[in-house]
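How can a reader who is new to a protein chain find a way through it? One approach is to begin with a single residue and to follow its contacts outward, step by step.

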Amino acid sequence: MNAVDVKKILLVEDDPSLGFVIKDNLSLKGYDVTLCADGEAGDAAYHAGIFHLCIFDVMLPKLDGFSLARRVRAENKDIPILFLTAKAMTEDKLAGFQTGADDYITKPFSLEELFCRIEVFLRRSVGQSSPLKKFQLGNYEFDYTTLTLKNQQTEKTLTQKEAEVLQLLYYNRHRVLKREEILKEVWGDDDYFMGRSMDVFISKLRKYLKEDPAVQIVNYHGVGFRLEVIL
C-alpha cells in the first residue's frame, strides 16, 4: 500500500487495553491509527491532523464521545464517525445519531465486525465500488437489471425508484442509512415532500418483503433506515 493510499483513523478510547488491541490490529491491516485516551485529547488530535474516519468511545473522560462527535461534525459533515459503546438502548443510539454519527458497535464486539464496518465506511467515502446488480435477501432474490424481486412463491416487478431504494439499502446494510442520504442519492434532493414520498416507498418495500420475517427494514425515527437480514 502506497503512503498516499494509507487511511488515517482517529481512535479515542479510554480503556488502555482495548485501545491498544484495536490500534495494533488496525495497524496490521495497514491503517494509520492515532490513539487518544480522552475526549479533549481526541479533539486536539483531530484539529492537528487529517483523518479519513473517527472511532469514538461514548463514555470518555474530560469530553464525552457525543460532544466530541458534535465538534467534529460541525467542521466536517462527511467524515465517517463510529461509536464504540457498552450502551445498547435505543435512546442512546438515537442520541448518537443525532450528533452526526454514522453507526454504533456495541461492546463486546469482534475485531472482524469492526474491520467490516470500517471498510464499508471508507469504501462509501471514496466511492471505490459500484453497487451489486443481483443479490440475495433472505429467501428473496433481487435483480436490479430486471427490477424483479422473487422467492419460491411470488415474483414482483418493482418500479425504478423502489429498486434504487432497495439496492441502496442493501449496499449500505452494515450501517444506518440516513434519510438525507437516500433522498439525495435517489431523488436528488432532501426536501420535506420528497421525504414523505420516500416513506411511502419504504412502506411498499416492507410489504414486498413481509413473507420472510428475517428480512427487515428497521426505522430509526428521525434518523434513517437500516436493512437487516437475520441469519
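The paragraphs below go from one acidic residue to the salt bridges, then to the aromatic rings, and last to the paired strands.

The model shown here is predicted, and the walk through it can begin at Asp-57, which lies in strand β3, a strand made of residues 53-57. Asp-57 has a relative accessible area of 5%, and because buried means under 20%, this residue counts as buried. Leaving aside residues up to four places away in sequence, Asp-57 touches Val-12, Glu-13, Asp-14, Gly-65, Leu-84, Thr-85 and Lys-107.

One of these neighbours, Lys-107, deserves a separate look. The side chains of Asp-57 and Lys-107 make a polar contact at 3.3 Å, and the two residues also form a salt bridge, in which the closest N and O atoms are 3.3 Å apart. This pair links distant parts of the chain, since Lys-107 sits in the loop between β5 (103-106) and α5 (111-126) while Asp-57 is in strand β3, 50 residues apart. Whereas Asp-57 is buried, Lys-107 is partly exposed, with a relative accessible area of 24%.

Side chains of opposite charge can pair when their charged atoms come close. In this model the count comes to eight salt bridges. Another of them is formed by Arg-175 and Glu-181, whose side chains meet at 2.8 Å, N to O; here Arg-175 is buried, with a relative accessible area of 1%, and Glu-181 is partly exposed at 23%. Salt bridges that share partners also join Glu-13, Asp-57 and Lys-107 into one network.

The aromatic residues offer a second route, and a search of the whole structure finds four aromatic pairs. Phe-66 and Phe-83 form one that is edge-to-face, with 5.2 Å from centre to centre and 70 degrees between the planes. This pair, too, links distant parts of the chain, with Phe-66 in helix α3 (residues 65-75) and Phe-83 in strand β4 (residues 81-85), 17 residues apart. Both Phe-66 and Phe-83 are buried. The rings of Phe-142 and Tyr-144 have their centres 6.5 Å apart and their planes at 70 degrees, so this pair is edge-to-face as well, and Phe-142 and Tyr-144 are both buried. Phe-142 and Tyr-144 belong, with Phe-135 and Tyr-170, to one aromatic cluster. Elsewhere, Lys-204 lies over the face of Phe-201, at 5.7 Å from the ring centre.

Two members of that cluster lead on to the strands, for Phe-135 has Phe-142 in β7 as its bridge partner. Strand β6 (residues 134-137) and strand β7 (residues 140-143) run antiparallel and are joined by four bridges. Their hairpin has two residues between the strands, and in it Gly-138 takes a positive phi near 60 degrees. On from there, three bridges join β7 to strand β8 (residues 148-150), again in an antiparallel arrangement. β7 and β8 form a hairpin with four residues between them, and Leu-147 in the turn has a positive phi of about 65 degrees.

Glu-141 brings the themes of charge and strand pairing together. Glu-141 stands opposite Lys-150 in β8, and Glu-141 forms a salt bridge with Lys-134, the closest N and O atoms being 3.9 Å apart. At 27% relative accessibility, Glu-141 counts as partly exposed.

Terms used
Residues numbered from 1 in each chain as written. Predicted model: local features only at pLDDT ≥ 70, side-chain atom pairs only at ≥ 80, totals over all residues. Heavy atoms only, no water. Buried < 20%, exposed > 50% of the residue type's maximum accessible area, 1.4 Å probe, protein only. Polar contact = N/O pair within 3.5 Å; in protein donor to acceptor, adjacent residues only side chain to side chain. Contact = heavy atoms within 4.5 Å. Phe/Tyr/Trp six-rings, centres within 6.5 Å; stacked < 30°, edge-to-face > 60°. Lys NZ or Arg CZ within 6 Å of the ring centre and 35° of its normal. Salt bridge = Lys/Arg side-chain N within 4 Å of Asp/Glu carboxyl O. Pairing = 2+ DSSP bridges.
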